[in-house]
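Dear colleague,

I am handing over the structure below, and I would be grateful if you kept it open while you read the notes that follow it.

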Amino acid sequence: MKLTNLKTSLTLLGVALLCATGLPSALAQQSDRGSVAAFPVVFSENNGTPDSHETAVQAVKEILQKAGYTLTSNEVARNTWERLNLPAPKMNTPSRRRDIVRFGKEMKVRYVVATTVYFHSRSIWVNLGPKTISTATVGVIITDIGSGKVVYRKKGVEGRSDEKSNTLKLVGAVLVTPLVTMVSGGPKTPHEQRAAQIAVARAFRGWVKASE
């Protein structure tokens, strides 16, 4: 695949190409568990709003950095992926392991974390009024570049925007940014953002616990 075609495909697939920005200093850890490329993050085409995508990417980055991993720049990761002319990842077809390993070695990282996020929003009628509900479904594949093996995998992990009680404790344990607030019958973006935070936190919880 030519470089220009790859760029177009990555854009259409909704791969998160956000440049790494400074995360809160509260994420700093005394122990460094190694470097990580949190890339690619893939969204279905025409699925989820740009702000929802950004929130999902930020949640992945926060969780990894809070757990003690050093994150590489997403811009460098994107440029490296394109320079290696690797096939564009798809929602239901993850990148080949040999491509991930090649990418990870080029990035000189310990792990490559590939994530997929799918959003589904709907409006229902409750007590004579509309209620917006969003569900985010997250998949995670973490590859150890040294061994070339997948060391953590989660698929179909869901988070709903209207979850309560125990969910707050779950998210608070792994995230730094509080859950996005939303209005019951309001626009879907804040509902998607909240659902993404919950689903990402739930999907990465096992990896974070293993890293403690």
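To begin with a single residue, Asn 46 lies in the loop between β2 and α2, the latter covering residues 50–66. Please bear in mind that this is a predicted model. The phi angle of Asn 46 is near 60°, which is a positive value in a residue other than glycine.

Another backbone feature concerns Pro 40, whose place is in the loop between β1 (35–37) and β2 (41–43). The peptide bond that runs from Phe 39 to Pro 40 is cis, and its omega is near 0°.

Turning to the pockets, the largest pocket has a volume of about 540 Å³. Its lining is made up of 26 residues, of which Met 91, Pro 94, Thr 116, Gly 139 and Ile 141 are the closest to the centre. At least two residues of this lining are supplied by each of α4 (97–107), β4 (111–126), β5 (129–144) and β6, while the element that gives the most to the lining is β5, with six residues.

As for charges, a patch of positive charge is found on the surface, where Arg 97, Lys 149, Arg 153 and Lys 155 gather. Strand β6, which spans residues 149–160, provides the largest share of this positive patch, namely three residues, and Arg 153 lies in that strand.

How many salt bridges does a search of the whole structure find? The search finds six salt bridges. In one salt bridge, the side chains of Arg 83 and Glu 106 meet at 3.1 Å, taken from N to O. Because Arg 83 lies in helix α3 (residues 74–83) and Glu 106 in helix α4, this pair ties together parts that are 23 residues apart in sequence. As general background, side chains of opposite charge can pair when their charged atoms come close.

With kind regards

Note on methods: Residues are numbered from 1 along each chain as its sequence is written. This is a predicted model: local features need pLDDT of at least 70, side-chain atom pairs count only at pLDDT 80 or more; totals for chains, interfaces and linings use all residues. Side-chain values use heavy atoms; hydrogens and water are left out. Patches are made of residues with over 30% relative accessible area and no salt bridge: like charges are joined within 9 Å, nonpolar side chains (Val, Leu, Ile, Met, Phe, Trp, Tyr) within 5 Å. Accessible areas come from the Shrake-Rupley method with a 1.4 Å probe; for residues, only the protein chains shown count as cover. A salt bridge is a side-chain nitrogen of Lys or Arg within 4 Å of a carboxyl oxygen of Asp or Glu. Lys and Arg count as positive and Asp and Glu as negative; His and the chain ends are not counted. The place of a charge is taken as NZ of Lys, CZ of Arg, CG of Asp or CD of Glu. Helices (H or I, at least four residues) and strands (E, at least two) are DSSP runs, numbered from the N terminus. On a 1 Å grid over the protein atoms alone, a cavity is a set of points where a 1.4 Å probe fits but cannot get out, and a pocket is an open set with protein on both sides within 12 Å along at least five of seven lines; lining residues have an atom within 4 Å of a point. Grid points are joined across faces, edges and corners, and a volume is the space filled by probe spheres set on the points.
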